[in-house]
Amino acid sequence: MNLLELAARYPQRAEGGVPDWMLGHFRRRTISFADGRSDERTQVHWLQSRTFTIDLRLPDAPALPVRAWQDYDAAELRQLANHEGWVADSVWENGYLSWHGGVSLQLHNRWPEPAQLQRIGNCMIEFGTSGAYVEDWRLQASSGPLIGLRLLEECDAETGEVLQRGGGLILCGDRLGWVQGRAVELGESALQLRERAERAHGDGEALALLFDCETSLAYADGQGRYQVALSTLPARVGQSVSLEGFELPGAGRVCQHLQRPDGRAVVRTFIIDTLEPDWRAELATPTTGEAQRWFAAESETLSRYLEVLS
């Protein structure tokens, strides 16, 4: 069964979670730091389901060519090791959002602070609680469906061997975020990913283990197929994310049966966060009657150059 068909046939919504105005796909327009400098170039995307987040951060640079891991030079490995992609549980409490658990390409938490968030219109502002930075996020997807699935594992369909552990899928309208964790937990180390990648330069097997964690962002094409546009893994760019082969084996879970590009038949097991075929996010947010009257009275100047920024 196609995932969109499954969501339409078995709709369900997670209890609690983040506010409705936080759901969907946001692109970071800018981050400003306490020293007065700002970054508008790093490509950052936030996809939010009811109770978990997918986050992807890549440099403003062309995707690296697809090569065997041992064939990447030191500069290319450094770029790959600075990619950021993760999935984590979202905890909303007293106006603050924090993240826990999940899987990440990076081996340490680069963004440890909880976030203070407020959204006005399509603009969501995130303040770092220490005052170190503020981020301006813009809503991208405004129509549904909204689907959130936590990936438990991907196994060989015949042997049951676990091939990947942890991850998630968030689909909101015509865009989709996908995370798949490493098959094997990396051993304890005080070194960061870029340092370990530098030491493993030329060792294809060691590098494959280090980078065995994917975060990708895909967009639906004219035929409704979700094609990867951005990814922590160069080989995934241009490939599709399959929505076929889903079934509902029991309450709270879905499975997907599919064949990988190498021909191996696999089964993915997910925990359902939400299946909302009719979800829709509005660009506008509520305001007071007094504010509406003020805007109407002053609209001749306030509306001179208005446009929707994304």
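Begin the tour by selecting W111, which is partly exposed at a relative accessible area of 23%; buried means under 20%, exposed over 50% and partly exposed in between, with a 1.4 Å probe and protein chains only. The model is predicted: local features need pLDDT of at least 70 and side-chain atom pairs pLDDT 80 or more, while totals for chains, interfaces and linings use all residues. Residues are numbered from 1 along each chain as its sequence is written, and side-chain values use heavy atoms, with hydrogens and water left out.

**Around W111**

Next, add R57 to the selection. Its charged end sits over the ring of W111, 4.5 Å from the ring centre; the criterion is NZ of Lys or CZ of Arg within 6 Å of the centre and within 35 degrees of the ring normal.

Aromatic pairs are rings of Phe, Tyr and Trp (its six-membered ring) with centres within 6.5 Å; planes under 30 degrees apart count as stacked, over 60 as edge-to-face and the rest as tilted. The count by this rule is 11. One of them joins W111 to Y133, edge-to-face, at 5.4 Å centre to centre and 85° between the planes. Because W111 belongs to the loop between strand 6 (96–104) and strand 7 (115–120), and Y133 to strand 9 (residues 133–139), this pair ties together parts 22 residues apart in sequence. Y133 is buried, with a relative accessible area of 10%.

**The ring cluster**

Now select F26, W46, W86, W99 and W137, a cluster linked by ring pairs.

**The cysteines**

Proceed to C155, which is buried at a relative accessible area of 12%. Its sulfur lies 9.5 Å from the closest cysteine sulfur, that of C255, too far for a bond. C213, also buried, has 2% relative accessibility; the closest cysteine sulfur to its own is in C155, 17 Å away and too far for a bond. With a disulfide defined as a pair of cysteine sulfur atoms within 2.5 Å, the count is zero.

**The whole chain**

Finally, display the full protein as a cartoon. There are six helices and 19 strands, taken as DSSP runs (helices H or I, at least four residues; strands E, at least two) and numbered from the N terminus. The radius of gyration is 20 Å, close to the 19 Å that the globule rule gives for 310 residues, so the protein is as compact as a globular protein of that length; the radius is taken over C-alpha atoms, and the rule is 2.2 Å times the number of residues to the power 0.38. The C-alpha trace spans about 65 × 50 × 40 Å along its principal axes. Of the 310 residues, 43% count as buried.
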